[in-house]
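This briefing introduces one protein structure to a reader who has not met it before. Please keep the sequence and the model in view while reading the points that follow.

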Amino acid sequence: DTAHRGTGATPTLIQGEAAYSFGFLSGTAILGAEGARVAGFSIATVTGTVGYAEIIVDAVTVEIDHNTFLDGTYCGIASGNGANLNAHDNTLRTDSYGLFLDGSGFVHVHDNDMAGSSFDIRVFSVDSVLVEGNSFSPGLAGVQGGFVDGSTTIRNNTFSKTPGNYGSIICTSGTPMIRGNTFTGETALWVDESGTPDAGT
């Protein structure tokens, strides 16, 4: 049900969980397969257990679009180990992380609606990340990362951060390119002593 992102009159719900080790995550509802597309579902784990992700993309190429990631779940999408992820036109309402991107890979995150997570996107050591056209309403940060120099572009997004610590974008290390974004609410950019973001002029 792509038209309603899985939340139509009769929801197309995928709900489940099983153990799967991925970084500090310990389980998932869906494990992506090479060349797979997940589209038109509402997705949740069973218990919302800390450490569980709704979808894990581990070293494969996957497209994830027009889904609703339900609240009460720790993480929406986790990707890494050389994965190629195209995540677009989703609604993410997860508790701690919307997307957890860790390790090598190529990731395009665009045209998603994210709200309610502590960190909408967490990025560390990913080869290439393009974040564009998204709407963020985070608790702590829209995009948080230790970025590979020259690997990350964050452009044309809207950030509406709730009051609290940190900023809409947190740069703990590396040099992400930040262009054409709109920031409302609290601090736009929070930079650690080892971060060197390219925020334009």
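**Sheet, core and a loop residue**

Leu99 has Ile121 of strand E15 as its bridge partner. This pairing is taken from a predicted model, and it belongs to an open sheet formed by 9 strands. The points below cover that sheet, its strand pairs, the cysteines and the loop residue Asn112.

**The sheet as a whole**

- The strands follow the order E2-E3-E6-E9-E12-E15-E18-E21-E24, and their pairing is mixed.
- At the edges of the sheet are strand E2 (18-22) and strand E24 (189-191), each of which pairs on one side only.
- From one strand to the next, the twist averages 25°.
- Strands of a sheet pair through backbone hydrogen bonds, in either a parallel or an antiparallel sense.

**Strand pairs**

- Strand E12 (residues 97-102) runs parallel to strand E15 (residues 119-124), and the two are joined over 5 bridges.
- Strand E18 (residues 141-146) pairs with E21 in the parallel sense over 4 bridges.
- Within that pair, Val143 has Ile169 of E21 as its bridge partner.
- E21 also pairs with E24, again in the parallel sense, over 3 bridges.
- Here Ile169 is matched with Leu189 of E24 as its bridge partner.
- Ile169 thus appears in both pairings: as the partner of Val143 and as a residue whose own partner is Leu189.

**Burial and cysteines**

- Strand E21 (residues 169-173) is mostly covered, with 4 of its 5 residues buried.
- Cys171 counts as buried because its relative accessibility is 0%, and buried means under 20%.
- Cys75 likewise counts as buried, since its relative accessibility is 0%.
- A disulfide is a covalent bond between the sulfur atoms of two cysteines.
- The count of disulfides in this model comes to 0, judged by whether a pair of cysteine sulfur atoms lies within 2.5 Å.

**Asn112 in its loop**

- Asn112 is located in the loop that links strand E13 (105-110) and strand E14 (113-115).
- Asn112 is buried, because its relative accessible area is 3%.
- The side chain of Asn112 reaches the backbone nitrogen of Asp89 at 3.2 Å.
- Leaving aside residues up to four places away in sequence, Asn112 touches Ala87, His88, Asp89, Asn90 and Leu92, and also Gly133, Asn134 and Ser135.
- Asp89 therefore features twice around this buried residue: among the residues that Asn112 touches, and as the owner of the backbone nitrogen that the Asn112 side chain reaches.

Conventions. Residues numbered from 1 in each chain as written. Predicted model: local features only at pLDDT ≥ 70, side-chain atom pairs only at ≥ 80, totals over all residues. Heavy atoms only, no water. Buried < 20%, exposed > 50% of the residue type's maximum accessible area, 1.4 Å probe, protein only. Polar contact = N/O pair within 3.5 Å; in protein donor to acceptor, adjacent residues only side chain to side chain. Contact = heavy atoms within 4.5 Å. Pairing = 2+ DSSP bridges. Axes fitted to C-alpha atoms, helices over the stretch in contact; angles between N-to-C directions.
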